[in-house]
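Work through the exercises below with the model open. Try each task before reading its solution.

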Amino acid sequence: MDSVEVSTVVYLPPEETYGFLLDFPGYANYSEYLTGVENRGDGSPGTIYDLHFAWWKLTYTARSRVTEVDPPNRIDWRIVKDIDARGRWTVERVDRAGREHASEVRLRIEFDADSVDPSGLDLPRLVSLSWVVEKVKPLIEREAERVVERIVADIEGESRPVDLTVHATPDDV
């Protein structure tokens, strides 16, 4: 499995940060390629999200399911069609000098690019699935960074420079 993990600190308590992250349909406001989210459920385990993506000449709908939650610390999810992928948001209280509240937020995504079911994609003629997979893998890391940066600005109510820690390692899971 490949993975990407992005973390940063936000200046809110974990409970408020977690509540914000649980509002998954709002993520379409943060992503360049996520054009919409439809949900069936309230964010608790079993909630289904249809994630509508558009990139280049491709459109695709991924379906994810919340698998476990541990308020206010963790939200686990899994993609349930066309690819073996899963991820989680984690929130942990941290101490920061001069701040009453601070939480470390982590987004981890794990995926097996070789598990992509090509029948779920409508590829243009002369475009191979392997070409698409190689182009999309770096987009996942950049998109994770973009989403976390934009969420921080929204959570805190103002933009600020965000220190992100990014770890992307193939086959580490």
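**Exercise 1: Strand pairing**

Strand β2 (residues 34–40) pairs with strand β3 (residues 48–55) in the antiparallel sense, over 6 bridges. This is a predicted model: local features need pLDDT of at least 70, side-chain atom pairs count only at pLDDT 80 or more, and totals for chains, interfaces and linings use all residues. Residues are numbered from 1 along each chain as its sequence is written, and side-chain values use heavy atoms, with hydrogens and water left out.

Task: find the bridge partner of Asn39 in β3, then follow β3 to β4.

Solution. Start with the rule: two strands pair if DSSP finds at least two bridges between them. The partner of Asn39 is Tyr49. Next, β3 and strand β4 (residues 58–70) run antiparallel, joined by 8 bridges. Within that pairing, Phe53 stands opposite Tyr60. The hairpin of β3 and β4 has 2 residues between the strands, and Trp56 takes a positive phi near 55° there.

**Exercise 2: Elements and confidence**

Task: state how many helices and strands the protein chain has, and which element has the lowest mean pLDDT.

Solution. Helices (H or I, at least four residues) and strands (E, at least two) are DSSP runs, numbered from the N terminus. The count is 2 helices and 8 strands. Along the sequence, the pattern reads β-α-β-β-β-β-β-β-α-β. Now take pLDDT, the predictor's confidence in each residue, from 0 to 100. The chain averages 81, and 79% of the residues score at least 70. Strand β8 (residues 165–170) has the lowest mean, 65. Strand β5 (residues 74–79) has the highest, 96.

**Exercise 3: Core and burial**

Task: say which helix gives the most to the largest nonpolar core, and why the buried residues of α1 share a side.

Solution. Buried means under 20% relative accessible area, exposed over 50%, and partly exposed in between (1.4 Å probe, protein chains only). Of the 173 residues, 42% count as buried. A nonpolar core is a set of buried Ala, Val, Leu, Ile, Met, Phe, Trp, Tyr and Cys residues joined through side-chain atoms within 4.5 Å. The largest one has 31 residues, and those with the most contacts inside it include Leu21, Trp89 and Ile151. Helix α2 (residues 129–156) gives the most to this core, with 5 residues.

Turn to helix α1 (residues 14–22). Its buried residues are Pro14, Thr17, Tyr18 and Leu21. They cover an arc of only 100° around the axis, so they lie on the same side of α1. The arc is that of the directions from the helix axis to the C-beta atoms. An α-helix has 3.6 residues a turn, so residues three or four places apart point the same way.

**Exercise 4: Backbone exceptions and a contact in space**

Task: locate the cis peptide bond, then describe Asp82 and Arg150.

Solution. Most residues other than glycine have a negative phi, and most peptide bonds are trans.

- A cis peptide bond joins Pro71 and Pro72, with omega about -5°. Pro72 lies in the loop between β4 and β5.
- Asp82 is not a glycine, yet has a positive phi of about 75°. Asp82 sits in the loop between β5 and β6 (84–93). Is Asp82 buried or exposed? Asp82 is buried, with a relative accessible area of 17%.
- Arg150 is in helix α2. Arg150 is partly exposed, at 38% relative accessible area. Arg150 and Tyr30 are 120 residues apart in sequence, but 5.7 Å apart in space, C-alpha to C-alpha.
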